Amino acid sequence: MELSLSVVLLLAIILIVLLRNKTLKWGPALVAILFGFFLASTGIAPSVNRFFTSVADTINNISF
């Protein structure tokens, strides 16, 4: 749950910055939000979640 909340917060911040800088218009932003919302209710959602969890775990395990 922590990971998904952090990703949602990060993506929300990026979306707000893109909208404020007029890099992204409201129409395409709304389409992207709705796409994500409906994607979350499909059968592919667990696979997408596992992929991003594994990417986050890989990044977390990198030591410098």
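In this predicted model, the largest pocket is lined by 20 residues, and those lying nearest its centre are Val7, Val8, Leu11, Gly36 and Val48. The space inside this pocket comes to about 830 Å³. As for where the lining comes from, three helices each chip in at least two residues: α1 (2-20), α2 (26-39) and α3 (45-61). Helix α1 hands over the largest share, with 8 residues of the lining. The chemistry of the pocket wall is easy to sum up: 17 of the lining residues are nonpolar and 3 are polar, while charged residues are absent.

Nonpolar side chains also turn up on the outside of the model. Here Phe51, Phe52, Val55, Ile59, Ile62 and Phe64 make a surface patch of about 730 Å². One of these patch members, Val55, sits in helix α3, a helix that also supplies at least two residues to the lining of the largest pocket. Is Val55 buried or exposed? Neither label quite fits: with a relative accessible area of 33%, Val55 is partly exposed, because that class covers the values between the 20% limit for buried and the 50% limit for exposed.

Over in helix α2, Ala32 is another in-between case. Its relative accessible area is 47%, so Ala32 also ends up as partly exposed, given that a residue has to be over 50% to count as exposed. Ala32 can be placed relative to Leu15 as well: the two are 17 residues apart along the chain, and their C-alpha atoms are separated by 9.9 Å.

The loop between α1 and α2 holds a backbone oddity, Lys22. This residue is not a glycine, and yet its phi is positive, at about 60 degrees. As a rule, most residues other than glycine have a negative phi. As for solvent, Lys22 has a relative accessibility of 63% and therefore counts as exposed, the cut-off for that class being over 50%.

Put together, the picture has a pocket with a lining of 17 nonpolar and 3 polar residues, a nonpolar patch on the surface that includes Val55, and a loop residue, Lys22, with a positive phi.

Methods:
Residues numbered from 1 in each chain as written. Predicted model: local features only at pLDDT ≥ 70, side-chain atom pairs only at ≥ 80, totals over all residues. Heavy atoms only, no water. 1 Å grid on protein atoms, 1.4 Å probe; cavity = no way out; pocket = protein on both sides within 12 Å on 5 of 7 lines; lining within 4 Å. Points joined across faces, edges and corners; volume = space filled by probe spheres on them. Helix = DSSP H or I, 4+ residues; strand = E, 2+ residues; numbered from the N terminus. Nonpolar A, V, L, I, M, F, W, Y, C, P; charged D, E, K, R; others polar. Patch = residues over 30% accessible without salt bridge, like charges linked within 9 Å, V, L, I, M, F, W, Y side chains within 5 Å. Areas by Shrake-Rupley, 256 points an atom, 1.4 Å probe, with all protein chains shown as cover. Salt bridge = Lys/Arg side-chain N within 4 Å of Asp/Glu carboxyl O. Buried < 20%, exposed > 50% of the residue type's maximum accessible area, 1.4 Å probe, protein only.
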